[in-house]
Amino acid sequence: MTVRVLCGANAQNVDMSGKSVADVRGFMQQTLNIPAGAEALVTGRRVGDDYVLQENEQLEFVRESGRKG
């Protein structure tokens with residue numbers, strides 16, 4: 001029951017289906033170097049931190065381009 005989690009060039013398959021985006025963000029923040037304020041996309045669609053992930057979904061953390069800092 002894995003979810004593919006990406007942030008920039010970093011990616012991992014993790015057993016996080018059934019968990020919220022907030023849970024994954026907290027668990028993977030240091031490992032994948034997820035920046036503060038990064039938006040969450042599931043299969044290219046913006047989702048909130050309360051979104052519950054399903055098996056085989058792809059979660060990507062992105063930072064809006066043009067932002068500094």
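The chain exposes about 4,500 Å² of surface, and carbon and sulfur atoms supply 43% of that area; accessible areas here come from the Shrake-Rupley method with a 1.4 Å probe, and for residues only the protein chains shown count as cover. This is a predicted model, in which local features need pLDDT of at least 70 and side-chain atom pairs count only at pLDDT 80 or more, while totals for chains, interfaces and linings use all residues. Residues are numbered from 1 along each chain as its sequence is written, and side-chain values use heavy atoms, with hydrogens and water left out.

Of the 69 residues of the chain, 35% count as buried, a word that stands for under 20% relative accessible area, with exposed meaning over 50% and partly exposed lying in between (1.4 Å probe, protein chains only). The radius of gyration of the chain is 11 Å, which agrees with the value near 11 Å that a compact globule of 69 residues would have; this radius is taken over C-alpha atoms, and the globule rule is 2.2 Å times the number of residues to the power 0.38. Along its principal axes, the C-alpha trace spans about 35 × 20 × 15 Å.

Following the chain from the N terminus, one meets its elements in the order β-β-α-β-β-β, that is, one helix and five strands. Helices (H or I, at least four residues) and strands (E, at least two) are DSSP runs, numbered from the N terminus.

Strand β5, at residues 58-62, is a good place to begin with the pairing of strands, and two strands are said to pair if DSSP finds at least two bridges between them. Strand β1, residues 3-7, runs parallel to β5 and is joined to it by four bridges, and C7 has F61 of β5 as its bridge partner. Strand β3, residues 39-42, is also joined to β5 by four bridges, but these two strands run antiparallel; here E39 stands opposite V62, and A40 stands opposite F61. The side chains of β5 alternate along the strand, with L59 and F61 pointing to one face and buried, whereas Q58, E60 and V62 point to the other face and are not buried.

From β3 the pairing continues to β4, since three bridges join these two antiparallel strands. They form a hairpin with two residues between the strands, in which T43 takes a positive phi near 50°. The bridge partner of A40 in β4 is V47, a residue of the strand that covers 45-47. V47 counts as buried because its relative accessibility is 14%. Contact means heavy atoms within 4.5 Å, and, leaving aside neighbours within four places in sequence, V47 is in contact with V21, A40 and V42. V21 and V47 are 26 residues apart along the chain, and their C-alpha atoms are separated by 8.3 Å.

Another buried position is S20, with a relative accessible area of 14%, and its place is in the loop between β2 (10-14) and α1 (21-32). Apart from neighbours within four places in sequence, S20 is in contact with D49, D50, Y51, V52 and L53. For the chain as a whole, among contacts between residues at least 6 apart in sequence, 49% join residues at least 24 apart.
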